[in-house]
Amino acid sequence: MIVEKMLYDQAQLLTSALELSLLVPPTSQDFETLQAMARSILIYVSRDLRSPGGAFYSAEDADSLPGKGSTVKKEGAFYVWTGSQLGEILGD
């Protein structure tokens with residue numbers, strides 16, 4: 001399965017993060033969070049959606065290895081988070 005419109009979605013998220021960051025005080029935690037989000041989107045697109053020739057792919061294959069040592073790909077495994085992983089990221 002191909003994740004549709006991935007590059008378009010990333011562009012929309014990047015634009016939203018940058019525009020929203022212009023509306024909050026530069027000293028706020030929200031500003032830092034939005035800027036970090038924008039940076040991570042740019043890193044992801046450059047690293048994972050760029051072809052060896054320099055062009056950009058419009059999407060990424062959703063099949064991925066579910067864990068270390070796995071040899072069989074599973075659809076969407078890369079994008080599945082456990083409850084404990086979400087709790088670690090989001091906190092209380």
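This report covers the salt bridge and the two largest pockets of a predicted model.

**Salt bridge**

The structure holds one salt bridge. Its partners are Arg-47 and Asp-48, whose closest N and O atoms lie 2.9 Å apart. In general, side chains of opposite charge can pair when their charged atoms come close. Arg-47 counts as exposed because its relative accessibility is 54%, and the cut-off for exposed is over 50%. Asp-48 reaches 27% relative accessibility, so Asp-48 counts as partly exposed.

**Pockets**

The table sets out the two pockets by volume and by lining class.

| Pocket | Volume | Nonpolar | Polar | Charged |
|---|---|---|---|---|
| Largest | about 180 Å³ | five residues | one residue | two residues |
| Second largest | about 150 Å³ | six residues | two residues | one residue |

The largest pocket is lined by Met-6, Gln-10, Tyr-44, Arg-47, Asp-48, Phe-78, Tyr-79 and Trp-81. Two elements each give two or more residues to this lining: helix H1 (6-21) and helix H2 (29-48). H2 gives the most, with three residues. Both salt-bridge partners, Arg-47 and Asp-48, are among the residues lining the largest pocket.

The second largest pocket has its own lining: Leu-65, Pro-66, Lys-74, Ala-77, Phe-78, Val-80, Trp-81, Thr-82 and Gln-85. Phe-78 and Trp-81 appear in the lining of the largest pocket and also in that of the second largest.

Technical notes
Residues numbered from 1 in each chain as written. Predicted model: local features only at pLDDT ≥ 70, side-chain atom pairs only at ≥ 80, totals over all residues. Heavy atoms only, no water. Salt bridge = Lys/Arg side-chain N within 4 Å of Asp/Glu carboxyl O. Buried < 20%, exposed > 50% of the residue type's maximum accessible area, 1.4 Å probe, protein only. 1 Å grid on protein atoms, 1.4 Å probe; cavity = no way out; pocket = protein on both sides within 12 Å on 5 of 7 lines; lining within 4 Å. Points joined across faces, edges and corners; volume = space filled by probe spheres on them. Helix = DSSP H or I, 4+ residues; strand = E, 2+ residues; numbered from the N terminus. Nonpolar A, V, L, I, M, F, W, Y, C, P; charged D, E, K, R; others polar.
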